[in-house]
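The following exercises are to be worked through with the sequence and the structure at hand. Each task is followed by a solution in steps.

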Amino acid sequence: MYYRQMRRAQGDPPDAETILPRQDAERIAEVLHALAAPNRLRILARLSRSPCCVADITSAVGMEQSAVSHHLRALRHAQIVSAHKRGRRVFYVLRNDQIRTLLNTMTAQEWVSAPARHTLSRRSLTVTYIIAEPCIDVKDKSCIDVCPVDCIHEYDRMLVIDPEECIDCGACEPECPVEAIYPEDALPDKWEPFVKINYAYPDVDLINNLVDQYATEHDVQNTPPAA
Ligand code: SF4
Ligand code: SF4
């Protein structure tokens with residue numbers, strides 16, 4: 001009786017396909033199924049900090065390498081993780097920031113222990129990396145080789161990071177011989193103009209003009225480090 005009254009008050013129920021199409025529901029269920037194992041969540045928690053190889057994951061989670069490889073295969077199959085070859089090593093990386101967001105949401109719950117909450121939530125979800133003044137006219141490209149998602153791009157006088165694609169892994173930062181790369185929230189104030197320059201990606205003319213203008217105004221005279 002109550003149900004019939006409610007239906008009359010609300011009109012016809014919405015078509016189930018307009019709530020969540022079946023194929024989308026199936027895809028979400030597939031992802032949740034792939035995530036629903038404690039060891040996979042631990043592997044993803046390690047990958048949410050930075051891309052790494054099987055050996056790094058094995059030592060971080062304290063599992064057998066064969067077991068880690070098995071879980072990584074399942075996570076790749078579900079398109080949650082991707083693999084990138086660097087030299088002779090294969091690095092694994094979260095395919096997108098939504099998985100990191102999901103992990104952070106789940107680990108922020110009160111039923112998760114306080115140390116885990118702190119560890120997993122301390123990284124900002126919105127930070128990206130910025131290339132700043134020391135790269136101008138240096139461009140040795142050490143950073144490009146280590147970027148797992150190929151989001152560092154070359155322009156006339158410097159390189160910039162595509163802020164949409166950067167997954168905040170931090171792999172490029174220690175590779176730069178002139179300390180030109182910073183997380184956006186740690187960029188020295190004097191290099192604030194480089195936020196605009198990196199965010200101008202992919203506009204070639206705008207980036208080149210902004211860099212020229214900055215270099216002239218600040219009399220930039222960088223020289224590449226000795227080989
Ligand atoms: S630009 Fe740097 S921080 Fe961003 S994804 Fe590439 S290597 Fe990682
Ligand atoms: S490693 Fe540093 S100096 Fe070299 S291209 Fe990358 S940002 Fe520029």
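**Exercise 1: Glu179 and Lys141**

Task: Determine whether Glu179 is buried or exposed.

Solution. Glu179 has 11 other C-beta atoms within 10 Å and is therefore exposed; the class requires 12 or fewer such atoms, a buried residue has 20 or more, a partly exposed one lies in between, and C-beta atoms are placed from the backbone. The structure is a predicted model, in which local features need pLDDT of at least 70 and side-chain atom pairs count only at pLDDT 80 or more, whereas totals for chains, interfaces and linings use all residues. Residues are numbered from 1 along each chain as its sequence is written, while chains are lettered from A and ligands numbered from 1 in the order in which they are written.

Next, locate the residue: Glu179 belongs to the loop between E5 and strand E6 (181-183), strands being DSSP runs of E with at least two residues and helices runs of H or I with at least four, numbered from the N terminus. Its phi is positive, near 50 degrees, although Glu179 is a residue other than glycine.

Lys141 may be treated likewise. It is not a glycine, yet its phi is positive at about 70 degrees. Lys141 sits in the loop between E3 and H9 and counts as exposed because it has 12 C-beta neighbours inside 10 Å.

**Exercise 2: Ala132**

Task: Establish where Ala132 lies and which residues it is in contact with.

Solution. First, Ala132 is placed in the loop between strand E3 (129-131) and helix H9 (142-146). Secondly, Ala132 counts as buried because it has 24 C-beta neighbours inside 10 Å. Thirdly, leaving aside neighbours within four places in sequence, its contacts (C-beta atoms within 7 Å) are Ala180, Tyr182, Leu187, Trp191 and Phe194. The C-alpha atoms of Ala132 and Trp191 are separated by 6.3 Å, although the two residues are 59 apart along the chain.

**Exercise 3: Ligand surroundings**

Task: State which residues come nearest to ligand 2 and to ligand 1.

Solution. A residue is near a ligand if its C-beta atom lies within 6 Å of it. Around ligand 2 there are 14 residues, of which Cys135, Ser142, Cys143, Cys176 and Ala180 come nearest. Around ligand 1 there are 14 residues, with Cys147, Cys166, Cys169, Ala171 and Cys172 nearest.

**Exercise 4: A cis bond**

Task: Identify which peptide bond is cis, with omega near 10 degrees.

Solution. The bond runs from Tyr201 to Pro202. Pro202 is located in the loop between H10 and H11.

Conventions:
Two residues are in contact if their C-beta atoms, placed from the backbone, lie within 7 Å.
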